[in-house]
Amino acid sequence: DVYRFGSVQDITSHLKLKRNMVLIALLAMLLVVSGSMGAFAYFVPQHIGPLMYLVGIVAFICVIYPVLIWRYPLFGVYSVVAGTILFGGAPNQGIATIPTYYVGFWWNISTLIPYYTGIQLLDGIVFSPAEILVVLACLTWLVKSVVDREFRFELGPFALCLGGYALFVFLSFLYGMSSGANTTMALYEVRPQALFAILYLMAANMFKTREQVSRLLWLLVLGIGFMAICGVITFTARGFVVAEHGVLTHDDSMELNMIVFIALIGLLMGTNKKLTLAATLLTPIAIVAQLANNRRAGIAAFIIAFIPLLPILYAAAKERRKQIGIFAGIFALATAIYLPLAWNSSGAWALPARSIKSQSEPNGRDAGSDYYRLAENVNLKATRDVRAWLGYGYGKPIIMVVAMPFVATGGFTNYMTHN
């Protein structure tokens, strides 16, 4: 340190400067938080109470978040992933056994504030907290990289495919805007794809080591495991009754599969033993939550991913082929016993078999769901054929050739496909 700063006095001056900077930062943070709470109390005095302190907490997060990203750039990616896993539901779906659903992580601020408070204060902010965090994380990382003179832009292995896809999305958005599209709906359709592109580029440039990827996998296992536990608790609180709409969202069904696959790959490949142990312990809970959630899409996604997984592992890990072969044989035997037993059962344990059976012999609920998809397919083809080569454009309603069952989604099903 003496060599770096020149003298002991320089070191002392440097430490004093750091202490002063920390003190100034703390005072600024206190000013922002207290100022936000004071402004809320002044402009909305009828809501002074717990809501005012919530505003203070939000202001604190807004101040500390860029600081954390500046110090730990990957914190931005980790926080968005964690928020997506934990807060994937909607506040109007919140229940005591799944408290994270009360957080409107993906709701627009313009919708979120009136829902919580009944106050029309921020109607112009048509972005969600999640989107704000993504943009803030990306900008902070870019600025830090430039300031530290470490900026090096990596496109990643899928850049060409992603770039071509993004170009078509952009052109379709422009065409929609120029041909009378609904701007709000067009943004709803395009934003998830834009977020995907941003997060892909951030991951391609920020993940450099196995340890960083391992932390992300830990985050997935613990976050999804928490949601699985919430699902099982909800299932138990309902008297182990499999409800038509399940216990979690459709998205959660897809995510629950990840724990099973992480455990399976870890056990077959013999890698990251602690992570594999955690995923293995949570797998039974995830399976129960999956069955209680009663979503065919979750089971179908598992089957689609599982079929190519074993051949890929067998080809990629020659030294583990014996273990993979033994597992494949045991799984095939268990499947041969399970399917006949569960084929005509109505219990939750038979959901995987029913998901397969429903392709040829759907029950009433599945038939209704299938009819919606089939009708939507007809309408989508009619919409596509209006401008088959250049695209119909975002923000324009689907052309209804065949009437579809009503779904209370605030009009979103007229623009966003279910298939």
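**Exercise 1. Locate G180 and decide whether this residue is buried or exposed.**

Solution. G180 sits in the loop between α7 (159–178) and α8. The structure is a predicted model, and the solutions below all refer to that model.

Step 1. Take the relative accessible area of G180, which is 68%.
Step 2. Compare this value with the cut-off: exposed means over 50%.
Step 3. G180 is therefore exposed, because its relative accessible area is 68%.
Step 4. Look for a distant part of the chain. G393 is 213 residues apart from G180 along the chain, and the C-alpha atoms of the two are separated by 9.6 Å.

**Exercise 2. State how many helices and strands the chain has, and describe its surface.**

Solution.

Step 1. The secondary structure comes to 15 helices and 0 strands.
Step 2. The chain has 419 residues, and buried residues make up 36% of them.
Step 3. The accessible surface of the chain is about 24,700 Å². Carbon and sulfur atoms account for 71% of that surface.
Step 4. Consider contacts between residues at least 6 apart in sequence: 63% of them join residues at least 24 apart.

**Exercise 3. Check the span of helix α6, list its buried residues, and say what follows the helix.**

Solution.

Step 1. The helix has 19 residues. The expected span is 1.5 Å times one less than the number of residues, so α6 should span 27 Å.
Step 2. The end C-alpha atoms of α6 are 27 Å apart, which agrees with the expected span.
Step 3. The buried residues of α6 are A130, E131, L133, V134, A137, C138, T140, W141, K144 and S145.
Step 4. R149 follows α6 and has a positive phi, near 55 degrees. R149 is not a glycine, and it lies in the loop between α6 and α7.
Step 5. R149 counts as exposed because its relative accessibility is 81%.

**Exercise 4. Repeat the span check for helix α10, then examine G270 and N272.**

Solution.

Step 1. Helix α10 covers residues 250–269, which is 20 residues, so it should span 28 Å at 1.5 Å a residue.
Step 2. The end C-alpha atoms of α10 are 30 Å apart, and this agrees with the expected value.
Step 3. G270 follows α10, and its phi is positive, near 70 degrees.
Step 4. N272 is found in the loop between α10 and α11 (273–293). Its phi is also positive, near 45 degrees, although N272 is a residue other than glycine.
Step 5. N272 is partly exposed, because its relative accessible area is 34%.

**Exercise 5. Say how many salt bridges the structure holds, and describe the pairs E131 with R191, R152 with E154 and D385 with R384.**

Solution. Side chains of opposite charge can pair when their charged atoms come close.

Step 1. The structure holds 4 salt bridges.
Step 2. In one of them, E131 pairs with R191, and the closest N and O atoms are 2.7 Å apart. This pair links distant parts of the chain: E131 is in helix α6 (residues 129–147) and R191 in helix α8 (residues 183–206), 60 residues apart. Both E131 and R191 are buried.
Step 3. R152 forms a salt bridge with E154, with 3.2 Å between the closest N and O atoms. R152 is exposed, because its relative accessible area is 63%. E154, at 27% relative accessibility, counts as partly exposed.
Step 4. D385 forms a salt bridge with R384, and here the closest N and O atoms are 3.0 Å apart. D385 is partly exposed at 48% relative accessibility. R384 is partly exposed, also with a value of 48%.

**Exercise 6. Describe the surroundings of E189, a residue without a salt bridge.**

Solution.

Step 1. E189 lies in helix α8.
Step 2. E189 is buried, yet it has no salt bridge.
Step 3. The nearest side chain of opposite charge is K396, 10 Å away. A salt bridge requires the nitrogen and the carboxyl oxygen to be within 4 Å.
Step 4. Leaving aside neighbours within four places in sequence, E189 is in contact with Y394, G395, K396, Y415 and M416.

**Exercise 7. Which residues form a nonpolar patch on the surface, and where is I61 placed?**

Solution.

Step 1. The patch is formed by L54, I57, V58, F60 and I61. Together these residues have about 420 Å² of accessible area.
Step 2. I61 belongs to helix α3 (residues 50–71).
Step 3. The relative accessible area of I61 is 42%, so I61 is partly exposed.

How values were computed:
Residues numbered from 1 in each chain as written. Predicted model: local features only at pLDDT ≥ 70, side-chain atom pairs only at ≥ 80, totals over all residues. Heavy atoms only, no water. Patch = residues over 30% accessible without salt bridge, like charges linked within 9 Å, V, L, I, M, F, W, Y side chains within 5 Å. Areas by Shrake-Rupley, 256 points an atom, 1.4 Å probe, with all protein chains shown as cover. Helix = DSSP H or I, 4+ residues; strand = E, 2+ residues; numbered from the N terminus. Buried < 20%, exposed > 50% of the residue type's maximum accessible area, 1.4 Å probe, protein only. Lys, Arg positive; Asp, Glu negative; His and termini not counted. Contact = heavy atoms within 4.5 Å.
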